[in-house]
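Here is a friendly round of questions on how the descriptive words for a structure are earned. Have a look at it, then read on.

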Amino acid sequence: MIEFKNVKKTYVEGNKALRGVSMQIEDGEFCFLVGPSGSGKSTIIKLITGELRPTSGSVHVNGYSLERIRRREVPYLRRTVGVVFQDFRLIDNMTVYENVAFAMRVVGARAQEIRERVPYVLDLVGLETKSRRRPGELSGGEQQRLGSARALGNNPSTLIADEPTGNLDPARSMEIMTLLQEINNLGTTMLVVTHEHNLVEHFANRVITIEDGLITSDRMDGLNVYEDQ
Amino acid sequence: MKINNIGYLLLEGIRGIFLHGFMSFAAVVVTVACLLIVGSFSILVYNVNMVVDRLNKTNEVMVYIDEELSLAEAQQIHTRINLLDNVHIAEFKTREQALEEFVADHNGDPAFSGLQAEDLRHRVVVKLEDNALMEQTAKELEALEGVAKITAPYEMAEGFSTLKNVLQIASVAVIGVLLVVSLLIISNTVKLAMYDRKDEIAIMKMVGATNGFIRLPFVVQGFVLGMVGAGVAFGLEWVLYDFLVEKIAELDTLKMFQLVPFQELLIPMLLTFGAAGLFVGVLGSWTSIRKFMNASAR
């Protein structure tokens with residue numbers, strides 16, 4: 001579960017990124033976070049992954065209290081939160097299989113566990129036949145699938161997708177969103193940050209809109225999300 | 001840290017060495033050169049100390065007993081001298097023994113043929129525990145009742161002490177500078193490897209690898225570089241030193257400077273090189289990775 005209570009975040013240079021955000025995303029929920037550039041979406045992601053601490057208010061993520069978390073506990077928080085990036089962030093000199101296995105190995109997964117889990121997640125994202133390819137040999141959509149597979153490798157309870165379709169054409173974007181929906185159907189909490197109105201409207205999920213550091217709407221149907229603005 | 005990760009982390013550390021093979025080679029070469037100089041300085045200082053101590057032991061303070069005193073009274077003064085703190089050996093010589101030595105020293109020179117034992121004084125030849133305290137001990141000897149005069153080679157004793165001190169200070173300075181040079185070069189090698197793998201490190205952090213897990217391969221890399229450098233330097237030091245010992249032994253003119261055999265220094269040198277390799281390797285890599293981790297997002 002992700003819970004923000006009256007969270008404010010002011011950067012050192014004085015920029016007020018969040019000005020009192022409160023929201024709650026339940027386990028297993030699928031939620032879009034939308035808003036213009038500079039509205040505070042990235043700050044919310046960084047707070048959830050423990051990269052930042054709130055200036056005031058409280059943030060709880062999967063049982064961790066982010067305003068009190070110790071530095072050495074942050075890696076353990078991150079094991080519960082997978083992140084998918086717009087620019088994929090894959091390791092080019094590793095194969096598809098190795099990219100996923102690497103993410104598991106560095107958190108101490110056993111070899112047997114890796115051998116079982118990697119084919120499973122590659123199958124889940126439809127890359128089981130391309131496990132020996134390198135990221136450079138994949139299309140943009142496939143690279144994003146690989147990014148999703150890597151994020152799922154450690155079986156996180158929450159997946160955050162930060163503009164996952166930003167570098168993809170509309171058809172590939174729809175594929176990725178469908179994949180994320182399928183992953184959510186398996187029980188993973190999903191928070192998707194996006195600009196793409198048509199995708200948000202297509203998937204009738206909860207939509208949180210943030211503007212200038214404040215939540216301006218929180219709707220459950222996903223439709224006509226920008227009509228309120 | 002789980003046991004099943006240790007092999008992986010060690011292999012990653014060794015992979016880092018070959019990732020920048022030339023830089024690793026350069027790091028080992030610089031470490032070898034620095035440790036070789038450090039080792040040579042240490043051995044030089046040790047040998048000079050031995051020679052100085054040997055020469056110092058030949059320094060003697062001569063105590064002349066008042067000629068008015070009888071032999072028995074002079075021997076009492078000898079007993080009192082033996083009780084002084086810094087006195088190592090005090091040898092009593094009668095005026096007759098002194099005459100014999102004097103004549104022998106001058107190869108029976110006829111210029112001294114008229115010299116009688118009565119013209120000389122009974123004397124005590126004193127060797128000290130610590131020649132650095134010669135002046136103070138000489139004052140104590142002079143203050144004894146019945147002592148007519150003393151002669152003490154203060155300047156030579158001071159010269160030896162100064163030589164030892166200068167060498168010790170110089171060696172500490174040289175050793176310090178060279179260790180820092182080795183440390184920096186290893187630190188830079190590890191830093192290069194880290195920048196090369198900064199994307200991997202970012203992903204490791206993102207998926208929840210602990211800082212210890214991220215650091216360890218780089219520490220292993222620094223450790224291996226430092227220890228390989230130390231091992232090679234130790235071997236070279238041994239071979240070169242043995243060669244030098246052999247050559248000096250062949251030269252009669254340098255008999256006074258007989259060097260201590262390397263076998264006698266084996267354990268201390270092994271420990272010194274090992275500790276220096278460990279120090280520059282582990283500390284060099286640790287400082288780089290620490291700076292890198294602090295600079296990147298937590």
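**Where the chains touch**

Q: How many residues does each chain give to the contact of chain B with chain A?
A: Chain B gives 16 residues and chain A gives 18. Two residues are in contact if their C-beta atoms, placed from the backbone, lie within 7 Å. A word on the basis: this is a predicted model, in which local features need pLDDT of at least 70, side-chain atom pairs count only at pLDDT 80 or more, and totals for chains, interfaces and linings use all residues. Residues are numbered from 1 along each chain as its sequence is written, while chains are lettered from A and ligands numbered from 1 in the order in which they are written.

Q: Which elements give two or more residues to the side of chain B that touches chain A?
A: They are helix H1 (3-19) and helix H7 (198-207) of chain B, and H7(B) gives the most, with six residues. Helices (H or I, at least four residues) and strands (E, at least two) are DSSP runs, numbered from the N terminus.

Q: What is the make-up, by class, of the side of chain B that touches chain A?
A: That side has eight nonpolar, four polar and four charged residues. Here Ala, Val, Leu, Ile, Met, Phe, Trp, Tyr, Cys and Pro count as nonpolar, Asp, Glu, Lys and Arg as charged, and the others, Gly among them, as polar.

**The sheet of chain B**

Q: What makes S2 and S4 of chain B edge strands?
A: Four strands of chain B form an open, antiparallel sheet in the order S2-S3-S1-S4. Strands S2 (87-93) and S4 (147-151) each have a single partner strand, so one side of each lacks a neighbour in the sheet. Strands pair if DSSP finds at least two bridges between them; S1 (residues 61-65) of chain B is joined to S4(B) by four bridges. B:Met62 stands opposite B:Thr151 in S4(B).

Q: Which helix packs on this sheet?
A: Helix H3 (residues 71-82) of chain B does, touching S1, S2, strand S3 (123-128) and S4 of chain B.

**Inside chain A**

Q: Why are H3 and H5 of chain A called roughly parallel?
A: The axes of helix H3 (residues 96-105) and helix H5 (residues 140-153) of chain A come within 8 Å and cross at roughly 30 degrees. Axes are lines fitted to C-alpha atoms, for helices over the stretch in contact, and angles run from 0 to 180 degrees between N-to-C directions. Angles under 35 degrees count as roughly parallel, over 145 as roughly antiparallel, 65 to 115 as roughly perpendicular and the rest as oblique. That makes H3(A) roughly parallel to H5(A). Their contact includes A:Val96 and A:Met104 of H3(A) and A:Leu146 and A:Gly153 of H5(A), and by class it has six nonpolar, two polar and one charged residues.

Q: Why is strand S6 of chain A said to be largely enclosed?
A: A residue is buried if 20 or more other C-beta atoms lie within 10 Å of its own, exposed if 12 or fewer, and partly exposed in between. Four of the five residues of S6(A) (residues 81-85) are buried, so the strand is largely enclosed by the rest of the structure. Across chain A, 43% of the 229 residues count as buried.

Q: How do you know that S6(A) pairs with S7(A)?
A: Five bridges link S6(A) to strand S7 (residues 158-162) of chain A, in the parallel sense. A:Val84 stands opposite A:Ala161 in S7(A).
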